[in-house]
Amino acid sequence: MASLVEVGTLVQSGKAKLVRQMTNELLSSGFSPKQILEEGFLPAMGVVGEKFKNNEVFVPEVLIAARAMNAGMQELQPYLQGGESIERGTVVLGTVKGDLHDIGKNIVGMMMKGRGLKVVDLGTDVSAERFIEAAIENNANIIACSSLLTTTMKEMEVVVKEAEKAGIRSKVKIMVGGAPVTQSFCDAIGADRYTADAASAAEVAAAFCA
Ligand code: B1M
């Protein structure tokens with residue numbers, strides 16, 4: 001029988017086709033899209049995030065679970081366009097200029113979506129100007145920058161400076177992360193928050209938007 005717990009279990013085990021099917025069954029039984037997201041998908045992704053943080057599951061499992069949740073989200077989408085908004089805030093996400101690493105950034109994005117946030121993913125090699133432009137266009141709550149290279153992490157400081165120049169610094173939180181990034185680096189460049197992994201990044205982003 002379709003239930004919110006069951007759909008969550010299917011998300012965790014990455015069964016995209018079954019998630020899609022059960023999402024439709026739940027909708028037909030009268031569950032609201034918001035309920036399915038908040039009581040089915042999000043807790044499931046939360047569990048996956050925790051397991052990832054504790055090295056109980058690894059990148060492939062996270063990507064598979066996130067893909068299953070996205071399959072369910074596609075079924076919810078037509079119902080949400082009618083007006084009910086489930087997005088808790090908007091994050092503009094990208095890997096900084098000069099850097100092409102995107103595996104970690106993609107996981108951060110999926111985890112954030114799993115927390116009910118709208119993620120505008122700008123991809124890799126994103127200039128500071130593009131981050132700012134997208135933050136303004138999307139009225140973003142957060143700019144989230146990823147960097148895997150010691151040679152490109154300094155681009156994050158440019159993002160902070162450009163946000164100041166554009167007059168949006170007080171309206172937008174700037175989050176930074178990626179293997180070479182640290183809390184002291186975050187403090188030194190005047191960003192708001194460093195997180196070491198995707199699950200923590202999503203947790204902090206959700207808290208910023210709460
Ligand atoms: Co590159 N690479 N790479 N690479 N690569 C590293 C990063 C490196 C450490 C390898 C090494 O030398 N040991 C090294 C960097 C050294 C340094 O700067 N200190 C390096 C180098 C040097 C390079 C090139 C320069 C190599 C060359 O061409 N000579 C080149 C640069 C290209 C460029 O970007 N301009 C390069 C290229 C590549 C590939 C294209 C081959 C490929 C990237 C494929 C892709 O991303 N689509 C690649 C890969 C795969 C790696 C390693 C092996 C793995 C990175 C990865 O995906 N990890 C990496 C060595 C390693 O880490 N073992 C390496 C898995 C991923 C899940 O972890 O990205 O750390 P990570 O993300 C984590 C956290 O960091 C955090 O959450 C994620 C999940 O918990 N996180 C955030 C990430 N972003 C966050 C943002 C947040 C919060 C948390 O808030 C906003």
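**View 1. The shell around the ligand mixes nonpolar, polar and charged residues.** The shell divides into 16 nonpolar, eight polar and three charged residues. Here Ala, Val, Leu, Ile, Met, Phe, Trp, Tyr, Cys and Pro count as nonpolar, Asp, Glu, Lys and Arg as charged, and the others, Gly among them, as polar. This is a predicted model, in which local features need pLDDT of at least 70, side-chain atom pairs count only at pLDDT 80 or more, and totals for chains, interfaces and linings use all residues. Residues are numbered from 1 along each chain as its sequence is written, and side-chain values use heavy atoms, with hydrogens and water left out. In total, 27 residues surround the ligand (one heavy atom within 4 Å). The closest are Leu100, His101, Asp102, Ser146 and Thr150.

**View 2. Histidine 101 meets the cobalt atom of the ligand.** His101 (NE2) is the single protein donor, 2.2 Å from the cobalt. Donors are N, O and S atoms within 2.8 Å of the metal (3.2 Å for Na, K and Ca). Histidine 101 sits in the loop between β1 (90-95) and α5. Helices (H or I, at least four residues) and strands (E, at least two) are DSSP runs, numbered from the N terminus.

**View 3. Glycine 98 contacts the ligand through its backbone.** A polar backbone atom of glycine 98 lies 3.0 Å from a ligand nitrogen. A polar contact here is a pair of N or O atoms within 3.5 Å. Elements giving two or more residues to the shell are α5 (103-114), β3 (142-146), β4 (173-177) and α9 (198-209). α5 gives the most, with four residues.

Key. A polar contact is a pair of N or O atoms within 3.5 Å; within protein, one must be able to donate a hydrogen and the other to accept it, and residues adjacent in sequence count only if both atoms are side-chain atoms.
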